[in-house]
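Please open the model in a viewer and keep the sequence panel at hand. The stops below are meant to be selected in order.

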Amino acid sequence: MTSLLKTVKSFIEEEIDSYFVAYSGGLDSSVLLLEVQEALKKSKFKTLRAIHINHNYSKNSKKWEEHCQNFCLLNGVELLVFDIDISKVKGASLEDQFRKKRYEVFNKCLNKGGRLFTGHHEDDNIETLFLRLFRGTGLKGARAIPVKRKIGKGDVVRPFLNFTKSELKLVAEKKSFFSFLFKP
């Protein structure tokens, strides 16, 4: 298995000072947060912040937020928390509306540049591809999730697209934080 850390390090660049991790509190983003933190350890002048977006949709939304606060505090990572007012979310696809709201937050955070890491992995990429094909996408949509794209004045990267969820779980178990993950 290719090293997750080595892959994450390939997205750390000299000219970028601000790094963010989209942090839901789940396994994928927890592994990602710790890998990005490790990759930045020797970079004194680079900042890392986690971004948690509380959709306020689930009865466990507040517990997820608290879990994210505790995990970040335990690991010495600054956490930015944003709430989405679901009364203002309108449209046919709730998930699509939540995605748009998340990207509004990400745009604000990256308005001065920087890089946002997300924990999308190979399983997500396959699922996205099949959903798009099922909906009748064209060639552009058939590419599924891009590894890197511009967002605001920065960019978003997805270093785990060549790793499966099972591989991420093995890393979490090896790093002994799997039991700390919140389970509603």
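The tour goes through a helix, the residue after it, and a patch on the surface. The model is a predicted one.

**Stop 1: helix α6**

Select residues 165-174, which form α6. Colour Leu168, Val171 and Ala172, which are buried in this helix. Looking down the axis of α6, the buried residues fall within an arc of 100 degrees, so they line one face of the helix. An α-helix has 3.6 residues a turn, so residues three or four places apart point the same way.

Now add α1 (4-9) and α2 (27-39) to the selection: the buried residues of α6 pack against both helices. Then turn to the other side of α6, where Ser166, Leu170 and Lys174 are exposed.

**Stop 2: lysine 175**

Step on to lysine 175, in the segment that follows α6. Is lysine 175 buried or exposed? It counts as partly exposed, because its relative accessibility is 40%. Select leucine 34 as well and draw a distance between the two C-alpha atoms: they are separated by 9.5 Å, while the two residues are 141 residues apart along the chain.

**Stop 3: a nonpolar patch**

Finally, select Tyr57, Ile86 and Leu94 and show the surface. These residues make a nonpolar patch of about 280 Å². Of these, leucine 94 belongs to helix α4, which covers residues 94-109. Leucine 94 has a relative accessibility of 32% and therefore counts as partly exposed. Patch members need over 30% relative accessible area, a cut-off that the 32% of leucine 94 passes.

Definitions and conventions
Residues are numbered from 1 along each chain as its sequence is written. This is a predicted model: local features need pLDDT of at least 70, side-chain atom pairs count only at pLDDT 80 or more; totals for chains, interfaces and linings use all residues. Side-chain values use heavy atoms; hydrogens and water are left out. Patches are made of residues with over 30% relative accessible area and no salt bridge: like charges are joined within 9 Å, nonpolar side chains (Val, Leu, Ile, Met, Phe, Trp, Tyr) within 5 Å. Accessible areas come from the Shrake-Rupley method with a 1.4 Å probe; for residues, only the protein chains shown count as cover. A salt bridge is a side-chain nitrogen of Lys or Arg within 4 Å of a carboxyl oxygen of Asp or Glu. Helices (H or I, at least four residues) and strands (E, at least two) are DSSP runs, numbered from the N terminus. Buried means under 20% relative accessible area, exposed over 50%, partly exposed in between (1.4 Å probe, protein chains only). The arc is that of the directions from the helix axis to the C-beta atoms. Contact means heavy atoms within 4.5 Å.
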